[in-house]
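Here's a quick tour of a few charged pairs and one hairpin. Have the structure open as you read.

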Amino acid sequence: MSSPEYHYPVIGRKGTGGVFDRLPIETLEKDHPHQFALFILAFAAIQQRPDAPQVIKEPAGTFMEIASIHGRPFIEWAGDRNKDTSTDYSATDKKDTDPVPARFGGYCNHGSVFFPTWHRPYVMLLEQSIGNIADQLAHDIEAKNPQESGVWVKAAKELRFPYWDWAEKDVSENGLPPILYEDKVEIVAAGGQKQIVNNPLSSFSFVDGIPSDFADETLRTGQVAYFTKWHRTYRYVASTANPEGSNVDQLQKAFKAGAKDLRSKVAQLFVVNDDEDSALAWDEFSNHTTESKREMDNYNSGSLEGVHDAVHILAGGTGHMSAPDYAGFDPIFFLHHSNVDRLLALWEWCYTEYWMESGYKLKGNSYPWTQQLGTYAQVYNAQLLPDGPLQPFRTEQGEYWTSSQARFLHADAYPKYYSYPEFAGIKVDQAAMSSDERALARKKVAAYYGFDPQTTAQQATASAWTQLPVPDNDHPAVPADHTIIPEYRTFAVHVKLLEHAFNSSYSFQLHHRGNDHSAPQLIGTVTVFARPDHSPCKACTLRREAGTIIHGIIPIPPALIESIMKSNASSETVATFDQTLAHIKGEFFGKIVDTAGLELARAEGGLETPKIPSQQTTSRNVTPIEISLVSTAVAEHGQDKDRPVYICDWQHHDGVFIGGWQATHPAAA
């Protein structure tokens with residue numbers, strides 16, 4: 001017997017008197033004590049913690065229900081009960097379970113042009129639920145404490161869901177702020193008194209029991225994530241059914257090591273030229289699959305989803321955040337996605353014209369966008385359109401949210417009732433007055449996160465820079481009002497990985513082995529944030545043929561290029577461009593690691609690297625499709641140096657690891 005029809009609309013914080021900013025979690029805690037207290041108490045309440053206020057009335061608004069939307073359990077959300085279930089996922093229907101890989105049974109959109117837009121109403125839903133509870137708590141506090149009338153209710157109305165900027169400058173030194181991992185937190189209570197309460201941001205407990213379709217996941221290295229036995233969420237957890245807790249030291253170490261790469265990746269998102277094809281630019285920005293990419297396309301500025309993937313693994317390790325089916329249950333998921341949404345808001349403010357459209361065109365042919373693996377409500381290869389439904393989120397009018405509605409935060413957009421603090425001169429709830437204003441702002445965003453080629457070119461001193469080829473100013477790739485920055489190129493490593501290589505999430509790490517001018521370091525990571533395939537057929541070769549390829553990019557810091565040039569410099573001759581390329585590759589090595597950071601495979605860079613013996617090489621089903629060195633020249637505006645630079649003359653410099661990949665663990669053999 002089917003459930004009665006019921007729809008709980010996602011309206012955000014409508015009725016609170018205006019649009020208010022989502023604040024950094026550190027700012028909320030430090031500068032807005034009443035908002036912060038209400039946030040902590042309300043979040044604990046919707047988590048249904050025994051020690052929290054028992055005030056929640058809407059079943060669809062509990063944290064358990066909201067978190068379940070993203071992945072498991074593969075069931076209908078309580079806020080979108082429908083009589084028509086003809087397209088819904090069913091664990092007993094072979095059309096959903098037999099394909100390789102099997103159809104995805106959660107609602108979330110990953111690996112598609114819907115990734116940014118689908119997650120926007122998702123975070124709004126949690127913001128709405130917490131805000132509604134905060135309203136109740138504020139009224140109760142003021143009723144009992146009339147001397148504080150107007151303080152708590154005002155704080156509740158202005159409360160919006162916070163974010164954590166994991167690409168902020170201090171993360172490489174400090175890692176996560178304590179509020180995201182400590183089990184206790186101090187909040188202000190009525191009368192200005194301080195109160196110590198359990199911290200709902202550190203973990204979530206399954207108070208009503210673990211859902212029946214949760215499954216333990218065994219990594220290829222033998223470590224087990226005991227999702228059927230862990231009664232709370234963990235980060236970097238021991239492979240045991242009864243762990244003592246999350247390993248915060250490992251968590252902090254991972255973020256400190258990966259922080260600079262996150263900053264570089266964010267910066268690259270705002271270096272896209274302003275004369276790109278609209279749909280292709282959106283595809284590249286929005287997701288890690290990049291459906292429109294062809295094998296010969298070398299250009300890649302990275303994607304919002306790609307940098308998002310890296311944060312999931314950095315935060316999760318062997319815990320819930322690293323597994324798409326379970327990630328939504330870790331409270332840090334939503335502070336992470338609030339920041340992802342902030343980056344979306346900045347990007348769409350800067351690049352107003354770039355949009356998914358109804359598909360893309362290549363060589364005169366039109367192609368649709370698709371959701372290849374389906375979702376709970378979308379069948380395999382469902383076409384994605386700007387006005388298509390973002391299930392299970394409904395508007396106040398009863399229709400599903402669409403990507404067109406999710407777009408933009410300014411006054412003319414579909415109302416969302418939140419914004420973000422001003423950043424680099426950008427206030428995302430106020431549309432830019434001109435294209436010049438947008439251009440100047442995006443240069444500031446890129447520079448803030450570390451991309452400033454005009455400055456770094458002036459600081460380059462190694463003689464090998466003089467041999468780097470750049471196009472002439474009259475080259476067709478150089479805009480008429482721009483001039484090439486001489487003797488300078490930016491470098492990156494372009495990565496293509498198999499989504500289902502290890503049947504779980506994993507990462508490629510690019511390392512520098514160190515030289516006389518630079519210590520050994522992790523340069524960057526491309527992460528595959530993947531769910532395991534539990535379809536009946538487990539043939540890896542079939543998964544390779546049917547699976548998708550994850551695209552990513554690792555920007556190489558100019559200071560590192562400088563150190564490589566200096567370490568290979570000769571007093572007699574200046575290195576040619578080809579020699580410099582060989583030097584760069586020769587100082588790299590790569591690793592493939594699982595979510596625990598355990599090495600599965602290794603490769604050494606350089607033209608003189610011996611070939612790995614065939615009996616030691618990785619299986620073709622897990623070997624990266626491509627790890628190549630690319631570079632580009634940079635042009636600056638001839639009259640106004642404050643305008644964004646123009647990226648041109650992309651060149652592909654072949655593979656970095658021509659000797660092949662060595663399986664250092666049986667899982668990769």
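## Salt bridges and a hairpin

D165 is buried, its relative accessible area being 8%. Keep in mind that this is a predicted model.

What does D165 meet in a salt bridge? Its side chain meets that of R342, and R342 is buried as well, at 4% relative accessible area. D165 sits in the loop between α6 (152-158) and α7 (171-174) while R342 belongs to helix α11 (residues 332-350), so this pair ties together parts 177 residues apart in sequence.

R13 and D135 make another salt bridge. Here R13 comes from the loop between β1 (6-7) and β2 (20-21) and D135 from helix α5 (residues 115-144), so parts 122 residues apart in sequence get tied together. R13 counts as buried, with just 1% relative accessibility.

Then there's R513 with E604. R513 is in the loop between β17 (506-512) and β18 (521-528), and E604 is in strand β21 (residues 599-604), 91 residues away. R513 is partly exposed at 34% relative accessibility, and E604 is partly exposed at 27%.

| Pair | Closest N to O |
|---|---|
| D165 and R342 | 3.0 Å |
| R13 and D135 | 3.1 Å |
| R513 and E604 | 2.7 Å |

The full count is 29 salt bridges. Shared partners also join R22, R120, E127, D341 and E348 into one salt-bridge network.

Now the hairpin: strands β4 (residues 184-188) and β5 (residues 194-198) pair antiparallel over five bridges. I187 stands opposite Q195 of β5. Five residues lie between the two strands, and G191 takes a positive phi near 85° in this hairpin.

Methods. Residues are numbered from 1 along each chain as its sequence is written. This is a predicted model: local features need pLDDT of at least 70, side-chain atom pairs count only at pLDDT 80 or more; totals for chains, interfaces and linings use all residues. Side-chain values use heavy atoms; hydrogens and water are left out. Two strands pair if DSSP finds at least two bridges between them. Helices (H or I, at least four residues) and strands (E, at least two) are DSSP runs, numbered from the N terminus. A salt bridge is a side-chain nitrogen of Lys or Arg within 4 Å of a carboxyl oxygen of Asp or Glu. Buried means under 20% relative accessible area, exposed over 50%, partly exposed in between (1.4 Å probe, protein chains only).
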